[in-house]
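Reader: I should like to discuss the side-chain ionic contacts and the nonpolar packing of this chain. Please display the sequence and the structure before we begin.

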Amino acid sequence: GMTETTAGATLTHSRLGDPDVSCGPALPGTGLRIDETVPGGGDGAGEVLAWGPNIMKGYYNRPEATAEVLGTVDGADGWFRSGDLGRKDADGFYYIVDRSKDMIIRGGYNVYPREIEEVLMTHEDVSLAAVIGVPHESHGEEVKAYVILNPGATTTAEDLVAWGKDQMANYKYPRLVEIVENLPMTATGKILKRELS
């Protein structure tokens, strides 16, 4: 869930699908759907929309911001655009792919930073990774990874580029890797990607 859904929109546990990757099905009384028409949508992925009595009425004294996220879908008012890209499986379970604002478009292909970060985190020397898109003359955007290594690790940025090439599709792996000591974070531990470049 998120603040705008007041409590939650989905729920999962070990008897329902895979709690490590799935958000679970929609809570009773909450409508969820995937809008594949947004940038990054298609092939079953799209922006997660939510509707129900638990959805906020709007942001306090911010009518423009409210209008950006609340709208009408199929004649029903009050659908909330979460900004999350996700997909729904045949059993009705939802999976978050990434934030729509974080998606990278490299040479016409959609690249989800979260997916790349999860692969990088499987490398034995990687402690933490953050992936962003940076401007590129011919591809539009290039994939760049900021990586914190485990103490004592000697892996280089070049090693990680080569390793990533073996682990990911050609359009996905980061061509640019920067090894850093720390990453900018919020008080709650979220990486501030807008401060990376």
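**Salt bridges, sheet and core**

Author: Asp35, Glu47 and Arg81 are linked in a network of salt bridges, a salt bridge being a side-chain nitrogen of Lys or Arg within 4 Å of a carboxyl oxygen of Asp or Glu. The model is predicted: local features need pLDDT of at least 70, side-chain atom pairs count only at pLDDT 80 or more, and totals for chains, interfaces and linings use all residues. Residues are numbered from 1 along each chain as its sequence is written, and side-chain values use heavy atoms, with hydrogens and water left out.

Reader: How many residues apart are Arg81 and Glu47?

Author: The closest N and O atoms of Arg81 and Glu47 are 2.8 Å apart. Arg81 belongs to strand S4 and Glu47 to strand S2 (residues 45-51), where strands (E, at least two residues) and helices (H or I, at least four) are DSSP runs numbered from the N terminus. This pair links distant parts of the chain, the separation being 34 residues.

Reader: Does Asp35 count as buried or exposed?

Author: Asp35 meets Arg81 in a salt bridge of 2.8 Å, N to O. The classes are buried, under 20% relative accessible area, exposed, over 50%, and partly exposed in between (1.4 Å probe, protein chains only). The relative accessible area of Asp35 is 13%, so Asp35 is buried.

Reader: Which strand holds the residue Glu142 that pairs with Arg106?

Author: Arg106 and Glu142 form a salt bridge with closest N and O atoms 2.7 Å apart. Both residues are buried. Arg106 lies in strand S6 (residues 104-106), and Glu142, 36 residues apart from it, lies in strand S9.

Reader: Which strands stand at the edges of the open sheet of S8, S9 and S10?

Author: The order is S8-S9-S10, with mixed pairing; two strands pair if DSSP finds at least two bridges between them. S8 and S9 pair in the antiparallel sense over 10 bridges. One side of each edge strand is left without a neighbour in the sheet because each has a single partner strand; these are S8 and S10.

Reader: Which element gives the most residues to the largest nonpolar core?

Author: A nonpolar core is a set of buried Ala, Val, Leu, Ile, Met, Phe, Trp, Tyr and Cys residues joined through side-chain atoms within 4.5 Å. The largest has 16 residues, and Val131, Ala145 and Val177 are among those touching the most other members. Helix H2 (113-120), strand S8, strand S9 and helix H3 (157-167) each give two or more residues. The element giving the most, with 4 residues, is S9.
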